[in-house]
Number of protein chains: 2
Amino acid sequence: MFSIDHLGIAVKSLAAAKAIYEKLGLTVSEEETVAQEQVRLVMVPVGESRLELLEATSENSAIAKFIAKRGEGLHHVCMKVPDLRAAVARLKQDGVRLVSDEIKTGAGGHQYVFVHPASTGGVLLELVQG
Amino acid sequence: MFSIDHLGIAVKSLAAAKAIYEKLGLTVSEEETVAQEQVRLVMVPVGESRLELLEATSENSAIAKFIAKRGEGLHHVCMKVPDLRAAVARLKQDGVRLVSDEIKTGAGGHQYVFVHPASTGGVLLELVQG
C-alpha cells in the first residue's frame, strides 16, 4: 500500500512552529534530538501521516543549510511504497536521479532512498518500505 | 478527523513531473484545466491523501509566479480538520495570520481558508472541512 508517511518541515523554531498545530487540536510529540543528523524534532500525527518539524541544533546541520538557502518550509516528503527494492530498480532502469545509488538503512532498521527533486517536480522524495 | 487531503506541488511540466509517480506504480488522473486559477493539474492518490501536480497555463497564474520566485516544489499543504469554523475562530483569536479573514467557498461548494506560512513553519496551509 502507498501512503504519505510524513512531511519533513525545516523550521527555525520548534516552539513557534508547533504552536499552530496545537491550536488546531492536533497532538504534538515530545521534542526528540537526533544527534547524528544535528536536529531536534517533534512529530505531529495527521490521519495516517505525520508532520515532522525539524530544527537544526548546529550550523552544520542539513536543516540549517536548507533554511539559509531556501528559508523555512517543506524539506522532504516521505512516501511508503509496497515494494521498495522493486521501485528503486525500476527508477534506476529509467534513469531517474537518486540522491544515493543504493537503499540505505536508518535508525531502527528502516530502509530508505531519496529521489532527487529534479525528477519529482521540485520535491525531495524519500521512499520507504510500506 | 484530521488528515492530509492533498499536497499542491507547482511544476513546470506536468508530463515530466507525473512520470516518476507512474513509474512508482501510482495512478495518475487525467489532466484537468481550472480556467479560474489558470492551472492545469493531475491528481495522484496516495493512501488517504493525494498529490496535486499544478502547471500554470498563463504567466499571470499564481503557480507561474511561485515558480519564478521559488522554483518548482511544494506550493501548499491541504489538511482536513473536524470543525473548520471552530478552528478558524480559535486561530483568529490567537492572532494567527490567515491569508484571507473569512472562510471561502470553492468550486464544488467546499469551504476553505489559507493560513499564512509565517505561522506554520514556512508552509502555506489550506484548511478544509473534514
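These questions and answers walk through a predicted model, taking one helix, one sheet and some salt bridges in turn.

Local features need pLDDT of at least 70 and side-chain atom pairs count only at pLDDT 80 or more, while totals for chains, interfaces and linings use all residues. Residues are numbered from 1 along each chain as its sequence is written, chains are lettered from A and ligands numbered from 1 in the order written, and side-chain values use heavy atoms, with hydrogens and water left out.

Student: Which residues of helix H3 of chain B are buried?

Tutor: Buried means under 20% relative accessible area, exposed over 50%, and partly exposed in between (1.4 Å probe, protein chains only). Helices (H or I, at least four residues) and strands (E, at least two) are DSSP runs, numbered from the N terminus. In H3(B), residues 84–93, the buried ones are B:Leu84, B:Ala87, B:Val88 and B:Leu91.

Student: Why do they sit on the same side of H3(B)?

Tutor: The arc is taken from the directions from the helix axis to the C-beta atoms. On the other side of H3(B), B:Arg85 and B:Gln93 are exposed. The buried residues are on the same side because they cover an arc of only 95°.

Student: What covers the buried residues of H3(B)?

Tutor: Contact means heavy atoms within 4.5 Å. The cover includes an element of chain A, helix H1 (14–23). From chain B it includes strands S5 (73–81), S7 (111–115) and S8 (125–129).

Student: In the open sheet of chain B, which strands stand at the edges?

Tutor: Two strands pair if DSSP finds at least two bridges between them. The sheet has eight strands with mixed pairing, in the order S2-S3-S4-S1-S5-S8-S7-S6. Each edge strand has a single partner, so one side of it is left without a neighbour in the sheet. The edge strands are S2 (32–34) and S6 (104–105) of chain B.

Student: How many bridges join S1 to S5 in chain B?

Tutor: S1(B), residues 3–10, runs antiparallel to S5(B). B:Ser3 stands opposite B:Lys80 in S5(B). The number of bridges joining the strands is seven.

Student: What angle does H3(B) make with S7(B)?

Tutor: Axes are lines fitted to C-alpha atoms, for helices over the stretch in contact, and angles run from 0 to 180 degrees between N-to-C directions. H3(B) packs on the sheet, touching S5, S7 and S8 of chain B. Its direction makes an angle with that of S7(B) of about 25°.

Student: B:Arg50 forms a salt bridge with B:Asp5, but how many residues apart are they in sequence?

Tutor: A salt bridge is a side-chain nitrogen of Lys or Arg within 4 Å of a carboxyl oxygen of Asp or Glu. Here the closest N and O atoms are 2.8 Å apart. B:Arg50 lies in S4(B) and B:Asp5 in S1(B), so the pair ties together parts that are 45 residues apart.

Student: Is B:Asp5 buried or exposed?

Tutor: Its partner B:Arg50 is partly exposed, at 29% relative accessible area. B:Asp5 has a relative accessible area of 10%, so B:Asp5 is buried.

Student: Which residue forms a salt bridge with A:Asp5?

Tutor: A:Asp5 lies in strand S1 of chain A, and its partner is 75 residues apart, in strand S5 of chain A. The closest N and O atoms are 3.7 Å apart. A:Asp5 is buried, with a relative accessible area of 11%. The partner is A:Lys80.
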